[in-house]
Amino acid sequence: MKINISQLVQLLVMVCISFSAVSENSMYEARIQVLLEDLRCPVCQNESLASSHAPLAYDLRKTIQAQIEQGKNDQQILDFLISRYGDFIYYQPPFKSTTFLLWMGPFVLLIAGGVGLFFYLKRKGKT
Amino acid sequence: MNIRLLWPLGLFLILLVFLVIGLQRDPREIPSPLIGKEAPVFQLSRLSETSQFFAPKDMLGKVWLLNVWASWCTACRAEHSLWFQVSKQGIPVVGLNYKDEQEQGLFWLRQWGDPYFVSIRDPEGVVGMEYGVYGVPETFVVDQLGIIRYKHIGPMTQAVLNNMIFPLIEKLKS
């Protein structure tokens, strides 16, 4: 069997195309997976969108996938979801007046504990 | 008695206050970011006449309710009779048949009665997603300018109608 150059080139091009399609798909997959892990399912609230079996989670996964295929970036997809389901859907709450205690509380406690410890040790050292 | 011994008790009481507040909140109620914003635009066909369409702008100038329901939703059955009461007061209730079969939706309305000003169908839940619907039934109050004023998640109750919905509609109308 004789294979001429043009046939060989054709074959090579086809192989390359199929490989690039696969890698692009798996790149999408990985991106979707990372994004979904950070999103909370509004129905089963202790599950992420990645793991939830709720019908809504299925719909949202489909929508997110479609948006990624449309070329939207992660921030655009997050904005889409937050404008509909609120900050609740995102496992990383934003820093606002209502979440001040959430973000700052641990530091306040740390400082209070540090100050308490300082005075305790100082007094203990004296006696 | 040594005052320092009261410290753990004080801390415990503070913790208790937080726990009591926490227990009284319903974690299933996610505050909607849509309140105070314009009701998302859509156009959907009617449940009975699929050649006729409905859009929120058809309701401009009226205070109306958007009730999201489905025939597979048992809680919707519980609130259903209340919509007759609301309709009788001259408040239009638009029924959004969410992720349902047309036949089943129509059958449900024949069986339990049709209190709706108009019924529309959203078989894929596309409009539901625009409105951030995550658990049927859900009910939105939309004002004359097409702004969402309130969202109730879960089955409507007489108490919520009397204490929240009716006073709000009165206020919006005046």
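**Exercise 1. Work out how exposed R31(A) is, then find its salt-bridge partner and say what the pair ties together.**

Step 1. Start with the accessible area of R31(A) in this predicted model. The relative value is 28%. Buried would need under 20% and exposed over 50%, so R31(A) lands in the partly exposed class.

Step 2. Now look for a carboxylate. D74(A) makes a salt bridge with R31(A), and the closest N and O atoms sit 2.9 Å apart.

Step 3. Place both ends. R31(A) belongs to helix α1 (residues 5-37) of chain A, while D74(A) belongs to helix α3 (residues 74-85) of chain A; the two are 43 residues apart in sequence, so the pair ties together separate parts of the chain.

Step 4. Check the other partner too. D74(A) has a relative accessible area of 31%, which makes it partly exposed as well.

**Exercise 2. Find a salt bridge that crosses between chain A and chain B, and describe the interface around it.**

Step 1. Across the interface of chain B and chain A, the rule picks out two salt bridges. One of them joins R84(A) to E130(B), with the closest N and O atoms 2.7 Å apart.

Step 2. Locate the ends. R84(A) sits in helix α3 of chain A, and E130(B) sits in helix α4 of chain B.

Step 3. Are these two residues buried or exposed? R84(A) comes out at 13% relative accessibility and counts as buried, whereas E130(B), at 25%, is partly exposed.

Step 4. Helix α4 (residues 126-130) of chain B gives the most to the side of chain B that touches chain A, with three residues.

Step 5. Zoom out to the whole contact. Each side brings residues to it: 16 from chain B and 16 from chain A. Between them the chains bury about 1,300 Å², with 52% of that on carbon and sulfur atoms. In chain B, the residues that lose the most area to chain A are I30(B), M129(B) and Y134(B), which together make up 41% of what that side buries.

Step 6. Add the polar side of the story: two residue pairs are in polar contact between chain B and chain A, counting pairs where both residues are at pLDDT 80 or more.

**Exercise 3. Describe the surroundings of D143(B).**

Step 1. Find it on the chain. D143(B) is in the loop between β6 (138-142) and β7 (148-153) of chain B.

Step 2. Check burial. The relative accessible area of D143(B) is 3%, so this residue is buried.

Step 3. Follow the side chain. It reaches the backbone nitrogen of L145(B) at 2.9 Å. The D143(B) side chain also makes a polar contact with the side chain of R149(B), again at 2.9 Å.

Step 4. Does the charge matter for classing that second contact, and what is it called? D143(B) and R149(B) form a salt bridge, with closest N and O atoms 2.9 Å apart. R149(B) is partly exposed, at 36% relative accessibility. As a general point, side chains of opposite charge can pair when their charged atoms come close.

Step 5. List the neighbours. Leaving out residues up to four places away in sequence, D143(B) touches K62(B), V63(B), W64(B), R149(B) and L172(B).

**Exercise 4. Explain how strand β4 of chain B is enclosed, and trace its connections.**

Step 1. Count the buried residues. In strand β4 (residues 93-98) of chain B, six of the six are buried, so the strand is largely enclosed by the rest of the structure.

Step 2. Sort the directions. V93(B), G95(B) and N97(B) point one way from β4(B), and V94(B), L96(B) and Y98(B) point the other way. That fits the general rule: in a regular strand the side chains alternate between the two faces of the sheet.

Step 3. Look to one partner. Strand β3 (residues 64-69) of chain B pairs with β4(B) in the parallel sense over five bridges, and L65(B) stands opposite V93(B). With helix α2 (residues 74-88) of chain B, these two strands make a right-handed β-α-β unit.

Step 4. Look to another partner. β4(B) also pairs in the parallel sense with strand β5 (residues 118-122) of chain B, over five bridges, and G95(B) stands opposite S119(B). Here the chain crosses through helix α3 (residues 102-112) of chain B, and this crossover is right-handed.

Technical notes: Residues numbered from 1 in each chain as written. Chains lettered and ligands numbered in written order. Predicted model: local features only at pLDDT ≥ 70, side-chain atom pairs only at ≥ 80, totals over all residues. Heavy atoms only, no water. Buried < 20%, exposed > 50% of the residue type's maximum accessible area, 1.4 Å probe, protein only. Helix = DSSP H or I, 4+ residues; strand = E, 2+ residues; numbered from the N terminus. Pairing = 2+ DSSP bridges. Right-handed = clockwise from strand over helix to strand, strands pointing away. Contact = heavy atoms within 4.5 Å. Buried area = accessible area lost by both parts, 1.4 Å probe. Salt bridge = Lys/Arg side-chain N within 4 Å of Asp/Glu carboxyl O. Polar contact = N/O pair within 3.5 Å; in protein donor to acceptor, adjacent residues only side chain to side chain.
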